[in-house]
Amino acid sequence: MASSLNDWMMLMTLFLSLSLYLASPAPAPAPTPTSLSNNLVESTCNKTGDKLYTLCMEILESNLEAASASSPLDLAKAALNLAVEDTQVASEKLRVLLKTKITQPELIEPFDICVNWYDMAVGQFSMSSKEVDEDPETANYDAALANSHESSDCESALASAGIHLPQIEAMIKRLECFCRIAYIVTDALPQEF
């Protein structure tokens, strides 16, 4: 009888423990980059215009450093580093496509134009990210250079060759967005420390 009573007590204890555990609130989920969105990101993306706003928010909110930036300098550093990385990857994709898939001579030049635009942007973003701490004015100038080389040359070259690929068009729009972001975040920095 004592063993039945002990078994019954253990079952009741287990049942009560399990009931309390299940009734307790779940721990709050860890913050995600999206939930860390701040006024700096929102303000920056508002300045990109209606055409690029949503993409800007996706780009900056998906990066923890950018989404949690607490100062214009922090956001500039995060955005420029992200721009360098993203643009290098896109440039390499275009370069591989050019070397492995493009065999018709009339298609080589349009892709060359696009690869050159991407390479120029990588260079400008890299210089801007190196200068942002010590010389915000020069960082802004370099970002402006990246922003001044509009995608229209690349888009026009592809269109005149009859190339309409959604993946490449999305890459072009993404680079346009990075160009605007880089200019906006460096323009927001104090010009003298």
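The following exercises, each with a worked solution, concern the fold, core, helix faces and salt bridges of a predicted model.

Local features of this predicted model need pLDDT of at least 70 and side-chain atom pairs count only at pLDDT 80 or more, while totals for chains, interfaces and linings use all residues. Residues are numbered from 1 along each chain as its sequence is written, and side-chain values use heavy atoms, with hydrogens and water left out.

**Exercise 1. Overall composition**

Determine the secondary structure of the protein chain and the percentage of its residues that count as buried.

Solution.
1. Helices (H or I, at least four residues) and strands (E, at least two) are taken as DSSP runs, numbered from the N terminus.
2. On this basis the protein chain has nine helices and zero strands, and its pattern along the sequence reads α-α-α-α-α-α-α-α-α.
3. A residue is buried under 20% relative accessible area, exposed over 50%, and partly exposed in between (1.4 Å probe, protein chains only). Of the 193 residues, 37% count as buried.
4. Accessible areas come from the Shrake-Rupley method with a 1.4 Å probe, and for residues only the protein chains shown count as cover. The accessible surface of the protein chain comes to about 11500 Å², and carbon and sulfur atoms account for 59% of that surface.
5. Contact means heavy atoms within 4.5 Å. Among contacts between residues at least 6 apart in sequence, 74% join residues at least 24 apart.

**Exercise 2. The largest nonpolar core**

Identify the residues that touch the most other members of the largest nonpolar core, and state which elements contribute to this core.

Solution.
1. A nonpolar core is a set of buried Ala, Val, Leu, Ile, Met, Phe, Trp, Tyr and Cys residues joined through side-chain atoms within 4.5 Å.
2. The largest such core has 49 residues, and Leu-60 and Phe-125 touch the most other members.
3. Two or more residues each come from helix 2 (39-46), helix 3 (50-61), helix 5 (72-100), helix 6 (105-131), helix 7 (136-148), helix 8 (152-160) and helix 9 (166-187). Helix 5 supplies the largest share, eleven residues.
4. Not counting residues up to four places away in sequence, Leu-60 touches Val-41, Thr-44, Cys-45, Ala-66, Ala-67, Ala-79 and Ile-181.
5. Phe-125 appears among the contacts of Thr-87, a list that also includes Tyr-118, Ala-121, Val-122 and Leu-175 when neighbours within four places in sequence are left aside. Thr-87 is found in helix 5 and counts as buried at 1% relative accessibility.

**Exercise 3. Helix faces**

For helix 2, helix 3 and helix 7, establish which residues are buried and what they pack against or are covered by.

Solution.
1. In helix 2, the buried residues are Val-41, Thr-44 and Cys-45. Seen down the axis, they fall within an arc of 95° and so line one face of the helix; the arc is that of the directions from the helix axis to the C-beta atoms. They pack against helix 3, helix 4, helix 5 and helix 9.
2. In helix 3, Leu-52, Leu-55, Cys-56, Met-57, Ile-59, Leu-60 and Glu-61 are buried. Their cover includes helix 2, helix 4 (64-67), helix 5 and helix 9.
3. In helix 7, the buried residues are Pro-136, Ala-139, Asn-140, Asp-142, Ala-143, Ala-146 and Asn-147. These fall within an arc of 160° and therefore line one face of the helix. They pack against helix 6 and helix 9, whereas the face turned away from the buried side carries the exposed residues Glu-137 and Tyr-141.
4. The expected span of a helix is 1.5 Å times one less than its number of residues. For the 13 residues of helix 7 this gives 18 Å, in agreement with end C-alpha atoms 18 Å apart.

**Exercise 4. Salt bridges**

State how many salt bridges the structure holds, and locate the partners of Lys-77, Asp-86 and Arg-95.

Solution.
1. A salt bridge is a side-chain nitrogen of Lys or Arg within 4 Å of a carboxyl oxygen of Asp or Glu. The structure holds four.
2. Lys-77 pairs with Asp-133 (3.0 Å, N to O). Lys-77 lies in helix 5 and Asp-133 in the loop between helix 6 and helix 7, 56 residues apart.
3. Asp-86 pairs with Arg-174 (2.9 Å, N to O). This links helix 5, which holds Asp-86, to helix 9, which holds Arg-174, across 88 residues.
4. Arg-95 pairs with Asp-119 (2.4 Å, N to O). Arg-95 is partly exposed at 22% relative accessibility, as is Asp-119 at 31%.
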